[in-house]
Amino acid sequence: MVITVFGLGFVGLTTSLGFAEYGHTVYGVEINPERLATISGGRLPFLEPGLDEALLRHQGTRFHAIGPDRLAEAVAQSDCVYYCVGTPYGQDGQADLTYLFSAIDQTLSVRPADRFQVLVVKSTIPPSTTSRKVIPYLQERGLVVGTDLGVANNPEFLREGHCWDDFMHADRIVLGVSDDRSAQQLRQIYATVAEPVYCVSLNTGEFIKYLSNTLLATLISYSNEMSVIADTIGGIDVAQAFRILHEDKRWGGAAMASYCYPGCGYGGYCLPKDTNALYAVARTAGFDAQILRNVIATNDHIPEFIADKIERAVGNRRDQTVGILGLSFKPGSDDVRDTPSAKIIRALLERGYTDIVGYDPVAIGEFRRYYDLPISYADTYDELLSRADSLVIATAWPEFSDVRKRTAKPVVDCRYML
């Protein structure tokens with residue numbers, strides 16, 4: 001099959017190269033010239049193990065990174081058009097669909113009228129978006145869904161730092177479909193995979209994605225609240241308590257245990273966006289979801305709790321150098337979007353700590369571009385250890401596990417990893 005994919009971020013590039021690995025021909029459309037040039041040159045614009053090798057395998061053969069100027073050529077050949085564009089959330093928590101509808105408009109402007117194509121939303125969108133917004137949008141333009149074209153959603157379940165492995169060895173594949181013809185066409189994309197493929201309603205497909213992410217967010221906020229309770233009571237080894245909790249055979253040794261473990265709060269792109277969006281959609285529908293509201297509130301409060309903890313550990317001298325170990329939102333990734341490290345740094349700055357130095361194995365450049373914070377940076381782990389008077393572990397990079405062997409300076413382990 002031939003597939004066009006809008007957007008070559010984490011999800012879009014992984015999807016494009018995954019489909020190429022399946023044997024399909026894929027055109028990946030990227031509007032950012034710098035990112036397009038990087039990918040066209042055979043390099044990744046972000047850190048993602050395994051994806052770099054896939055890019056080199058398929059670049060120029062089954063996978064073609066193109067700009068908008070070649071969109072008509074790509075869409076004319078395509079059986080399916082996938083949308084992997086950003087759906088950020090605004091102040092009210094609602095998902096911003098501007099990029100999605102812009103990509104749909106671009107598709108409609110060049111789509112061949114005599115070819116049945118399925119428009120597939122892989123971007124995370126709140127339940128009922130496809131049925132209540134996308135389909136009416138198409139109908140207003142005189143198109144009959146199921147006859148002129150198909151509409152579907154195909155949510156992703158990718159972890160940053162593990163995108164390639166998660167795509168190629170998925171737990172499950174979910175297809176939210178509106179008609180049988182679209183379902184059959186999408187099943188052809190996944191015809192060679194061994195993983196279970198579920199065809200569900202449009203709303204169900206969208207909901208499953210939020211069901212997954214909000215559960216993870218809830219586990220994180222629950223674990224962080226429990227750590228606050230433990231610290232308030234005192235005399236409790238928080239890390240040991242949670243590790244023993246995971247010995248319960250009902251966890252089954254699953255990686256889910258990493259979400260039911262205290263830290264600095266959830267960050268990155270998906271969990272904050274999706275949890276806020278589902279809460280906003282529920283409120284708009286007339287239901288104030290108290291659990292989700294408090295999950296969000298707990299996560300928002302954790303940086304202040306962490307700052308209190310740091311202040312108690314390192315003392316009141318505001319001119320001391322505080323070293324922040326880790327700037328990405330999690331180890332194995334250079335993504336700094338909504339990273340707890342930035343929130344902790346802001347909280348420390350507000351408390352009057354004037355000399356903060358940050359270090360991360362891979363994310364310093366991204367952090368400096370993304371945040372305008374009055375701090376300095378260390379080029380190496382050793383440099384940070386020598387410059388700082390006290391240290392804060394904000395991201396659980398494995399290399400930080402030896403910090404107490406390498407220095408006698410105060411260390412605040414906000415990730416409970418030591």
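A salt bridge is taken here as a side-chain nitrogen of Lys or Arg within 4 Å of a carboxyl oxygen of Asp or Glu. The structure examined is a predicted model, and a search of the whole structure yields 23 such salt bridges. One of them joins R317 to D319, with the closest N and O atoms 3.1 Å apart. R317 is partly exposed, at a relative accessible area of 46%, whereas D319, at 52% relative accessibility, counts as exposed. Salt bridges with shared partners also connect E304, D308, E311, R318 and R351 into one network.

Within this network, E304 and R351 form a salt bridge whose closest N and O atoms lie 2.9 Å apart. The two residues belong to distant parts of the chain, 47 residues apart: E304 is in helix α12 (residues 290–314), and R351 is in the loop between α13 and β10. E304 counts as partly exposed, at 31% relative accessibility. A further salt bridge brings together the side chains of R337 and E160, at 3.4 Å from N to O. Because R337 lies in the loop between β9 and α13 and E160 in the loop between β6 and α7 (163–168), this pair ties together parts that are 177 residues apart in sequence. R337 is partly exposed, with a relative accessible area of 23%; E160 is buried, with a value of 10%.

Strand β10 (residues 355–359) has 4 of its 5 residues buried, and is therefore largely enclosed by the rest of the structure. Strand β9 (residues 321–325) runs parallel to β10 and is joined to it by 5 bridges, with I324 opposite G358 of β10. Between these two strands the chain passes through helix α13 (residues 340–350), in a β-α-β crossover that is right-handed. Strand β10 also runs parallel to strand β11 (residues 376–377), to which 2 bridges join it. Here the bridge partner of G358 is Y377 in β11. Together with helix α14 (residues 364–370), β10 and β11 make a right-handed β-α-β unit.

Another mostly covered strand is β7 (residues 173–177), in which 5 of the 5 residues are buried. The side chains of this strand are divided between two directions: I173, L175 and V177 point one way, V174 and G176 point the other way, and all are buried. Strand β6 (residues 150–153) is antiparallel to β7, with 2 bridges between them, and A152 stands opposite V177 of β7. The pairing of β7 with strand β8 (residues 197–200) is instead parallel and extends over 4 bridges; in this pairing, L175 faces C199 of β8. The connection from β7 to β8 runs through α8, and this β-α-β crossover is right-handed.

Helix α8 (residues 180–189) contains Q185. This residue counts as buried because its relative accessibility is 12%, under the 20% limit for that class. Leaving aside residues up to four places away in sequence, Q185 touches M1, D79, C80, F116, Q117 and V118.

A contrasting environment is found at I233, which lies in helix α9 (residues 202–233) and counts as exposed, at 61% relative accessibility. I233 forms a nonpolar surface patch with I229 and I236, and the accessible area of these residues together is about 270 Å².

How values were computed
Residues are numbered from 1 along each chain as its sequence is written. This is a predicted model: local features need pLDDT of at least 70, side-chain atom pairs count only at pLDDT 80 or more; totals for chains, interfaces and linings use all residues. Side-chain values use heavy atoms; hydrogens and water are left out. Buried means under 20% relative accessible area, exposed over 50%, partly exposed in between (1.4 Å probe, protein chains only). Contact means heavy atoms within 4.5 Å. Patches are made of residues with over 30% relative accessible area and no salt bridge: like charges are joined within 9 Å, nonpolar side chains (Val, Leu, Ile, Met, Phe, Trp, Tyr) within 5 Å. Accessible areas come from the Shrake-Rupley method with a 1.4 Å probe; for residues, only the protein chains shown count as cover. Two strands pair if DSSP finds at least two bridges between them. A crossover is right-handed if, with the strands pointing away from the viewer, the path from the first strand over the helix to the second runs clockwise.
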